[in-house]
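Please look through the sequence and the model shown below before reading on. The report that comes after them is meant to be read alongside both.

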Amino acid sequence: MKTFDLAFIGLGAASLSLATRLANNGYGGSAVFIDPAPEAVDERTWCGWGLIDHPYQAALTRQWHCWRVGSAAAMSRSGHPDIPYEMLRGSAVRRLSMQSIASRRDWEVLTPAAVMAEKREQGTWCLELDDGSTVQAKMVLDSRPPRLSLQRPWLWQSFYGIEIKGEDFGADDCVNLMELVEDDAPLVNFFYELPITRDQRLIEFTRFTPEKPDMEDLKARVEQRLAERGWQQAQVVRTEQGHLPMAPIAAQTHEQWIAIGTAGGSMRPATGYAFHAIQSWADEAAGQLMAGTPPSPPSRSRILDWLDGVFLESLWLEPEAAAGRYRQLFEKTPPAALTRFLMSRPRPIDILKVLLALPVSPMLRAAWHHGWRRS
Ligand SMILES: Cc1cc2nc3c(=O)[nH]c(=O)nc-3n(C[C@H](O)[C@H](O)[C@H](O)COP(=O)(O)OP(=O)(O)OC[C@H]3O[C@@H](n4cnc5c(N)ncnc54)[C@H](O)[C@@H]3O)c2cc1C
């Protein structure tokens with residue numbers, strides 16, 4: 001039986017991003033890709049501030065240079081002419097990446113297929129698939145979603161979104177990152193809205209929550225909003241949903257088995273953003289594999305993890321202050337510093353600017369609680 005140099009479990013953001021770089025840079029090893037989804041499905045969009053170049057630049061759906069945060073009563077608007085908030089469709093990333101993968105005759109794609117079990121035999125990984133077949137590889141890159149139970153201050157970011165198309169929804173050059181709303185459910189609830197074109201919008205309802213909520217509740221909130229706007233007749237192009245772990249996930253690597261993507265710790269706890277961090281990791285990991293060394297897991301900053309814990313703890317302590325706190329953060333921190341901070345690429349001075357934008361005593365109280373709970 002053939003033994004591949006690399007086996008990728010999953011064809012999501014992390015696997016596709018690394019594979020694209022390896023294919024484009026002429027990596028000499030063999031590879032196999034295993035995923036239950038047979039083809040690209042438009043089931044998610046990846047957004048974030050475009051602070052770095054990546055191979056999917058040409059496939060961007062839209063960029064905005066303006067964003068709003070707050071509550072309906074008081075939204076604060078900020079932006080930056082050189083820092084775009086960008087949107088990419090997951091299906092476009094998969095299509096482009098599959099072209100790179102297909103350019104390699106010695107690479108194999110096994111779809112639809114799922115890895116059910118693994119065992120290590122004489123220095124090689126043997127993966128058992130759902131059709132009963134097996135695949136052997138020297139190194140495994142595993143992007144399957146991690147199974148987690150989260151403890152305070154960490155939270156789930158649960159969301160349901162509907163993309164609509166139809167009538168003229170009006171011109172808007174600004175993304176609504178967070179429009180916080182009153183809701184009985186803990187802790188923080190908000191709408192997220194992307195005006196993709198005049199006749200296309202993505203509207204999501206998001207909850208930062210200790211327990212994963214019923215998606216039907218979140219869906220009902222989006223439908224209610226569409227009705228309030230008079231857009232309930234618009235064509236639903238697609239929906240998206242998820243429960244993202246707002247928690248630091250430790251790197252996991254043993255005997256040439258490396259967890260990657262969200263499972264490997266690429267997601268930023270306080271934001272749920274992972275796509276751009278995965279791009280940086282993929283650049284580094286491809287360089288390492290080309291040089292014949294195993295890829296490092298995604299790097300994490302202990303100071304950012306700790307600050308994220310303090311910020312989330314401040315939401316637990318005073319959920320009713322969330323709207324004001326987010327508004328204050330976006331109003332008082334210079335956009336370049338804040339976007340670098342949120343995308344996990346801060347300069348030391350950026351961290352200071354973020355800290356100065358937040359109210360002192362609630363943050364000290366949260367820091368004390370967070371520190372005390374960890375000790
Ligand atoms: C709907 C949605 C929207 C998001 N939006 C953003 C955003 O705007 N910005 C941002 O930065 N982040 C966003 N994220 C978070 C994060 O960027 C994504 O989850 C990203 O896809 C993570 O990449 P990944 O490779 O770790 O996992 P995934 O992309 O989820 O890939 C994991 C793959 O593993 C496969 N798999 C699962 N089980 C098996 C098995 N047994 N065998 C083989 N394969 C298996 C799955 O089919 C999947 O293809 C979003 C997440 C979701 C769910």
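What follows describes the domains, the ligand shell, the sheets and hairpins, a helix pair and some backbone features.

The structure is a predicted model, in which local features need pLDDT of at least 70 and side-chain atom pairs count only at pLDDT 80 or more, while totals for chains, interfaces and linings use all residues. Residues are numbered from 1 along each chain as its sequence is written.

## Domains and ligand

The domain assignment of the chain gives domain 1 (3-61 + 88-147 + 247-290), domain 2 (155-245) and domain 3 (302-374), the bounds coming from an automatic or database domain assignment. Between the C-alpha centres of domain 1 and domain 2 the distance is 28 Å. Their contact takes nine residues from domain 1 and seven residues from domain 2, where two residues are in contact if their C-beta atoms, placed from the backbone, lie within 7 Å. On the side of domain 1 that touches domain 2 there are three nonpolar, three polar and three charged residues; here Ala, Val, Leu, Ile, Met, Phe, Trp, Tyr, Cys and Pro count as nonpolar, Asp, Glu, Lys and Arg as charged, and the others, Gly among them, as polar.

The shell around the ligand receives residues from both domain 1 and domain 2, so the ligand lies between them. Of the 32 residues around the ligand, Gly10, Gly12, Ala13, Gly242 and Gly261 come nearest, a residue being near a molecule or strand if its C-beta atom, placed from the backbone, lies within 6 Å of it. By class, the shell holds 18 nonpolar, ten polar and four charged residues. At least two shell residues each are supplied by helix 1 (13-25), strand 3 (45-49), strand 16 (235-246) and helix 4 (275-290), and strand 3 gives the largest share, four residues. Helices (H or I, at least four residues) and strands (E, at least two) are DSSP runs, numbered from the N terminus.

## Sheets and hairpins

Strand 3 also belongs to an open sheet of three strands, in the order 3-7-4 with antiparallel pairing; two strands pair if DSSP finds at least two bridges between them. Strand 3 and strand 4 (62-64) stand at the edges with a single partner strand each, so one side of each is left without a neighbour in the sheet. Neighbouring strands of this sheet are turned by 20° against each other on average, direction ignored.

Strand 16, which also contributes to the ligand shell, is an edge strand of an open sheet of seven strands, whose order is 6-5-13-14-15-12-16 and whose pairing is mixed. The other edge strand is strand 6 (74-79), and each of the two pairs on one side only. From one strand to the next, the twist in this sheet averages 15°. Helix 3 (residues 215-229) lies across strand 12 (155-165), strand 14, strand 15 (200-209) and strand 16, and runs at about 40° to strand 12; axes are lines fitted to C-alpha atoms, for helices over the stretch in contact, and angles run from 0 to 180 degrees between N-to-C directions.

The table lists antiparallel strand pairs, with a pair of opposite residues for each.

| Strands | Bridges | Opposite residues |
|---|---|---|
| Strand 3 and strand 7 (residues 85-89) | five bridges | Cys47 and Met87 |
| Strand 13 (residues 175-180) and strand 14 (residues 188-197) | three bridges | Glu179 and Phe191 |
| Strand 9 (residues 115-121) and strand 10 (residues 124-129) | six bridges | Lys119 and Cys126 |
| Strand 10 and strand 11 (residues 134-142) | four bridges | Cys126 and Gln136 |

The hairpin of strand 9 and strand 10 has two residues between the strands, and Gln122 takes a positive phi near 45° there. In the hairpin of strand 10 and strand 11, four residues lie between the strands, and Gly132 in the turn has a positive phi of about 90°.

## Helix pair and backbone features

The axes of helix 7 (residues 335-342) and helix 8 (residues 348-357) come within 9 Å and cross at roughly 105°. That makes helix 7 roughly perpendicular to helix 8, since angles under 35 degrees count as roughly parallel, over 145 as roughly antiparallel, 65 to 115 as roughly perpendicular and the rest as oblique. Ala337, Leu338, Arg340 and Phe341 in helix 7 meet Asp350, Ile351, Lys353 and Val354 in helix 8, and this contact has five nonpolar, no polar and three charged residues.

The peptide bond from Thr111 to Pro112 is cis, with omega near -10°, and Pro112 lies in the loop between strand 8 (107-110) and strand 9. A cis peptide bond also runs from Arg152 to Pro153, with omega near 15°, and Pro153 is found in the loop between strand 11 and strand 12. Glu255, in the loop between strand 17 (253-254) and strand 18 (257-259), has a phi near 45°, a positive value in a residue other than glycine.
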